[in-house]
Amino acid sequence: MGILPEPIEELLDTALVGELTVLNERGRPVTHPLIPLYDGELIYLTSSVLFSRKLEHIKRDPRVSLSITDPNAVSVERFRRATIQGDARVDDSDLHSGWEERVLPLWRKKEPAIDFFLGKRVALPLFFERAIIELRPRRAFLWEEGRTDRPPQVFELATAGGGAR
């Protein structure tokens with residue numbers, strides 16, 4: 001068990017799509033669908049550096065949220081929705097293989113089809129120049145049974161490292 005409540009961890013462990021919301025240069029929210037990968041402490045997402053303004057938005061303002069709202073994108077016994085707020089950091093120090101070393105094992109566990117796409121790497125080389133987004137959760141909201149017409153459970157999280165690393 002990690003730092004998030006078990007029902008939210010179960011969503012993260014199975015979700016093939018999460019909605020990452022960042023703040024653009026005018027402070028307005030912009031949402032991007034990405035695959036969330038969770039290690040019990042941090043949530044990792046990857047982004048191709050091609051045409052990726054979200055990375056610049058995070059570098060400028062690390063406050064982000066990740067929502068899991070699509071019942072077709074998760075495989076859990078009882079559906080629920082969650083939003084995790086936190087601080088993000090972009091690691092673009094090794095675009096070629098840094099993400100492979102750090103998050104590929106989590107990605108493979110969740111979506112083994114990634115190996116098929118890695119096999120096509122020569123055809124799409126710039127797609128695989130990827131930055132890692134590390135999200136350190138601060139607060140989480142849980143809507144049991146996905147019922148957003150009811151107030152969520154709210155979890156204030158005590159993280160070991162405090163804010164963004």
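Ile43 stands opposite Leu135, a residue of strand S7, and this pair is a convenient place to enter the structure, which is a predicted model. The strand that brings in the partner from the other side is S4, covering residues 43-48, and S4 and S7 pair in the antiparallel sense over six bridges.

Strand S7 itself runs from residue 130 to residue 144, and it is mostly covered, since 12 of its 15 residues are buried. Besides S4, strand S7 also pairs with S6, which spans residues 80-91; here the sense is again antiparallel, and the pairing extends over 12 bridges. Within this pairing, Thr83 has Phe141 of S7 as its bridge partner. Strand S8, made of residues 153-156, is joined to S7 by four bridges, and these two strands likewise run antiparallel. In that pairing Ala140 stands opposite Phe155 of S8.

From these strands the reader may turn to a residue that lies far from S7 along the sequence. Ile8 has its place in helix H1, which covers residues 6-14. Is Ile8 buried or exposed? Ile8 counts as buried because its relative accessibility is 0%, and the cut-off for that term is under 20%. Which residues does Ile8 touch, once its neighbours within four places in sequence are left aside? Ile8 is then in contact with Ala82, Ile84, Ala140, Phe141, Leu142 and Phe155. Two of these names have already appeared as a facing pair, for Ala140 stands opposite Phe155, while Phe141 was met as the bridge partner of Thr83. As for Leu142, it is separated from Ile8 by 134 residues in sequence, yet the two C-alpha atoms are 7.1 Å apart in space.

With this part of the model in view, the chain can be considered as a whole. It has four helices and eight strands, and, read along the sequence, these elements follow the pattern α-β-β-β-β-α-β-β-α-α-β-β. Of the 165 residues in the chain, 47% count as buried. Contacts between residues distant in sequence, such as the one linking Ile8 with Leu142, can be set beside a figure for the chain: among contacts between residues at least 6 apart in sequence, 68% join residues at least 24 apart. Finally, the chain exposes about 8,700 Å², and carbon and sulfur atoms supply 54% of that area.

Terms used:
Residues are numbered from 1 along each chain as its sequence is written. This is a predicted model: local features need pLDDT of at least 70, side-chain atom pairs count only at pLDDT 80 or more; totals for chains, interfaces and linings use all residues. Side-chain values use heavy atoms; hydrogens and water are left out. Buried means under 20% relative accessible area, exposed over 50%, partly exposed in between (1.4 Å probe, protein chains only). Two strands pair if DSSP finds at least two bridges between them. Contact means heavy atoms within 4.5 Å. Accessible areas come from the Shrake-Rupley method with a 1.4 Å probe; for residues, only the protein chains shown count as cover.
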